[in-house]
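Visitor: I would like to learn how to read a few features of a model like this one. Could we go through them one at a time?

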Amino acid sequence: MKTKHLALTGLMAAVLCLLGPISLPIPVSPVPVSLGFFAVYLTVYILGMKMGSVSVLIYVLLGFVGVPVFTGFSGGIGKVLGPTGGYIIGYLFMAPIIGFFVDKWKTNYILIVLGMLLGTAVCYLFGTLWLAYQGGMSFSAALAAGVLPFVPADIVKLILAVLVGEPVRRRLWKAGILESGVGKESDRDAARTNVGSDSAAHGSDR
């Protein structure tokens with residue numbers, strides 16, 4: 001990984017650490033409304049799978065060792081093993097799933113959003129299973145407490161992450177800090193066409 005990529009990965013990990021702790025407890029759920037999902041969406045949308053996943057991993061590891069970067073400015077292994085810890089672990093699976101779609105379909109926003117929804121669903125699954133186990137409740141009860149009240153807000157966070165992240169990553173592409181990959185397929189197709197034309201021309205000479 002190049003130095004500029006390392007710096008950008010660290011920068012977005014810092015953004016995660018700044019946004020992740022911001023939360024608002026709600027009376028209907030043990031899970032607070034937070035900016036964690038927005039921060040993960042934004043980070044991976046801008047950086048893609050490899051760098052985005054590393055940024056999220058750094059964030060989770062910092063919280064795991066006690067840096068107060070989780071919701072409510074908390075941290076430590078107790079937070080990870082607590083009722084909401086499944087969502088934190090879910091970030092580690094959410095990031096590469098979203099990143100795969102971002103890398104594969106860089107400007108196909110429908111597929112990217114579908115990938116973001118899939119990654120969110122996987123994170124929901126981890127969080128719900130752990131909340132059910134820790135809270136001694138059924139899966140459906142944990143789903144109702146830890147997921148359903150947050151779906152509308154998480155959709156808004158997803159849309160905002162795309163709106164905010166799109167101009168940022170295009171500027172990074174333009175500056176050459178990140179490789180866009182856009183247009184490579186058409187370039188390869190053009191190259192194959194040129195090779196075919198050259199072959200045909202040589203054949204006619206014979």
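Guide: Let us begin with the term helix: helices here are DSSP runs of H or I with at least four residues, numbered from the N terminus. Please keep in mind that this is a predicted model. By that naming, Thr-43 lies in helix H2.

Visitor: Is Thr-43 buried or exposed?

Guide: A residue is called buried when its relative accessible area is under 20%. Thr-43 is buried because its relative accessible area is 0%. The side chain of Thr-43 reaches the backbone oxygen of Ala-39 at 2.8 Å, and, leaving aside neighbours within four places in sequence, Thr-43 is in contact with Met-12, Leu-16, Gly-48, Gly-52 and Ser-55.

Visitor: Which residues are buried in H3?

Guide: A general point helps first: an α-helix has 3.6 residues a turn, so residues three or four places apart point the same way. In H3, the buried residues are Met-51, Gly-52, Ser-53, Ser-55, Val-56, Tyr-59, Val-60 and Gly-63, and what covers them includes helices H1, H2 and H5. Helix H3, residues 49–64, reaches 22 Å from its first C-alpha to its last, close to the 22 Å expected for its 16 residues, and H3 is followed by Gly-66, whose phi is positive, near 115°.

Visitor: Which helix supplies the largest share of the nonpolar patch?

Guide: Residues join such a patch when they have over 30% relative accessible area. The patch here covers about 870 Å² and includes Ile-110, Leu-117 and Val-168; its largest share, seven residues, comes from H8, while H6 also supplies at least two. Leu-117, found in H6, is partly exposed, with a relative accessible area of 40%.

Technical notes. Residues are numbered from 1 along each chain as its sequence is written. This is a predicted model: local features need pLDDT of at least 70, side-chain atom pairs count only at pLDDT 80 or more; totals for chains, interfaces and linings use all residues. Side-chain values use heavy atoms; hydrogens and water are left out. Patches are made of residues with over 30% relative accessible area and no salt bridge: like charges are joined within 9 Å, nonpolar side chains (Val, Leu, Ile, Met, Phe, Trp, Tyr) within 5 Å. Accessible areas come from the Shrake-Rupley method with a 1.4 Å probe; for residues, only the protein chains shown count as cover. A salt bridge is a side-chain nitrogen of Lys or Arg within 4 Å of a carboxyl oxygen of Asp or Glu. Buried means under 20% relative accessible area, exposed over 50%, partly exposed in between (1.4 Å probe, protein chains only). The expected span of a helix is 1.5 Å times one less than its number of residues. Contact means heavy atoms within 4.5 Å. A polar contact is a pair of N or O atoms within 3.5 Å; within protein, one must be able to donate a hydrogen and the other to accept it, and residues adjacent in sequence count only if both atoms are side-chain atoms.
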